[in-house]
Amino acid sequence: MFNKSTKGALTPYFIFIALFVIAPIALIIYYSMLDLHGNFTLANYKNFFTSTYLSMTLTSFWYAFLITFFTLLIAYPTAYLLTKTKHKHLWLMLIIIPSWINLLLKTYAFIGIFGLYGPLNAVIEVFGFDPQQILFTDFSFIFVSVYIFIPFMIIPIFNSLDKLNPSFIYAARDLGASAWTTFRRVVFPLTIDGVKSGIQVTFIPALSLFMITRLIAGNQVITLGTAIEQQFLVSQNWGMGSTIAVFLILFMVVIMLFTGQKKKGGRA
Amino acid sequence: MNKLSAVSKAYLILVFTVLYAPIFYLIFYSFNSGGSMNSFESFTLEHYQAVFDDTRLIVILLNTVLVALLSGLIATIIGTLGAIGIVSIKNKKMRSTLLSLNNVLIVSPDVVIGASFLILFTIIGIKLGFASVLVSHVAFSVPIVVLMVLPKLLEMNASLIDAARDLGATKRDVLTRVILPYIAPGIFAGFFMAITYSLDDFAVTFFVTGNGFSTLSVEIYSMARAGISLTINAISGLVFLVTVLIVIGYYFVVNRGKRTEAGR
């Protein structure tokens, strides 16, 4: 339907793709093979496979896993119950609004909430315990990250639940399946695509968080993102930073393949 | 539709409370005359006054809005043209390759985008500051606009264009009087998304901003690293107000789009 003349519209877009998608990836790969003086080397890669970086990668994955897990655990029931409410799209909107508030502001709020004299410690004191340092712990880091990611996980799950044909559920119930079986064998498998996109938008960013780690976790938690920021902006070692970025991109591709959606025919 | 059980309601209420509590917590203490976020002394607007008295902060606020609007506008133009171009590609393989490339910037972690753009700008020789921030915001917004516009183009009936051509419309007329009005809701949605992404971005900006230029996110980061300052709370109050206004605006535009669609 669109003829050759509309192809001219592609020129700025092609320039954009070449300059901001292909060139940056190429540059990251190129820089990953440079040392501090700009000489060609594979030392950065060798460096990455030392215990320091490997254990950092593992912890980073472990944190990302925990964050994704808890986010999913909270988001799925929320999305499910939201589809059952009367004005579900209005409620969904109310879930989305907090995600539009600047990330930094929300993180900053937790510096106060988790502070030594903050409201959470005030509650702890009411129960007769001594105030504790909650900031700069693993708990605070995971809590804040989960808080940040919840809306992004709810949206795709909500959408896939919303598209689910309720007759499947009635059919399952009529055929004698319990509520739990219906959920396990019918609802969940049919909404797995929403869960997958939710995991995608949580896990990959969770691997590369660096702002929350700095503000909430002090320097206790080092993720791949923190390491890249450190190498680029503090140590000025762009080579090593790029190497970590290359691995982050590789991990991202693997995750995308894992959580990729298979198009089952139909109109794409 | 069966009613929600008490437990379900309690759960939803809990989730909503946890989602909103930190935001209202911030706004509540923005009116605190004491200097902390722990004990409320008395009501004051001095922190809001402080925001408006701080010319540096006002400049940063204006910069942030300027970058968001400009990058949103440029990204919407490039993205819309790109989407129209992508639809015109007949070769399936080429089209899907282009779409995958389009998605790279959407799924890439911010840190990687920021780091690679930092290298790019240093090599090309773009001075870090307003220009580099604007260009990177355009860059990460274009793919979003494409994704918002594309479905509208795909659902468009080809006979509309054929009819216009048969009735003697020039190519330009077809674009401005048939295609663009049809995909307008997608374009608006893309523009709004681009603006919100730009306003919300921290990591990419943090990498490509120089010493002289700062956006709100980067400024809040450096203020928050220095400790608690109720000026940030006052900013939160303002940001929340603006966000709600934007959301209402967005909702309005999207719904209007839906209504005209239903009215056809």
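The crossing of helix α13 of chain A with helix α5 of chain B is left-handed in this predicted model. Helix α13 spans residues 238-259 of chain A and helix α5 spans residues 110-124 of chain B, and the two pack with their axes 10 Å apart, at an angle of about 135 degrees. Because angles that are not under 35, over 145 or from 65 to 115 degrees count as oblique, α13(A) and α5(B) are described as oblique to each other. On the side of chain A, the contact is formed by Trp238(A), Gly241(A), Ala245(A), Leu248(A) and Ile249(A), which meet Val112(B), Ala115(B) and Ile119(B) of α5(B). When these residues are sorted by class, the contact has seven nonpolar residues and one polar residue, while charged residues are absent from it.

Chain B, which contributes helix α5 to this packing, contains 11 helices and zero strands, so that its pattern along the sequence is an uninterrupted series of α elements. Its C-alpha atoms fill a box of roughly 75 × 60 × 30 Å along the principal axes, and 42% of the 264 residues in chain B are buried. Of the contacts in chain B between residues at least 6 apart in sequence, 78% join residues at least 24 apart.

As for confidence, chain A has an average pLDDT of 88, with 94% of the residues scoring at least 70. Among the elements of chain A, the highest mean pLDDT, 94, belongs to helix α3 (residues 51-84), and the lowest, 86, to helix α6 (residues 119-126). Over residues 263-268 of chain A, by contrast, pLDDT stays under 50, and for this stretch the model has one contact beyond four places in sequence.

Methods:
Residues numbered from 1 in each chain as written. Chains lettered and ligands numbered in written order. Predicted model: local features only at pLDDT ≥ 70, side-chain atom pairs only at ≥ 80, totals over all residues. Helix = DSSP H or I, 4+ residues; strand = E, 2+ residues; numbered from the N terminus. Buried ≥ 20, exposed ≤ 12 C-beta atoms within 10 Å, placed from the backbone. Contact = placed C-beta atoms within 7 Å. pLDDT = per-residue confidence, 0-100. Axes fitted to C-alpha atoms, helices over the stretch in contact; angles between N-to-C directions. Left-handed = near helix turned anticlockwise from the far one by under 90°. Nonpolar A, V, L, I, M, F, W, Y, C, P; charged D, E, K, R; others polar.
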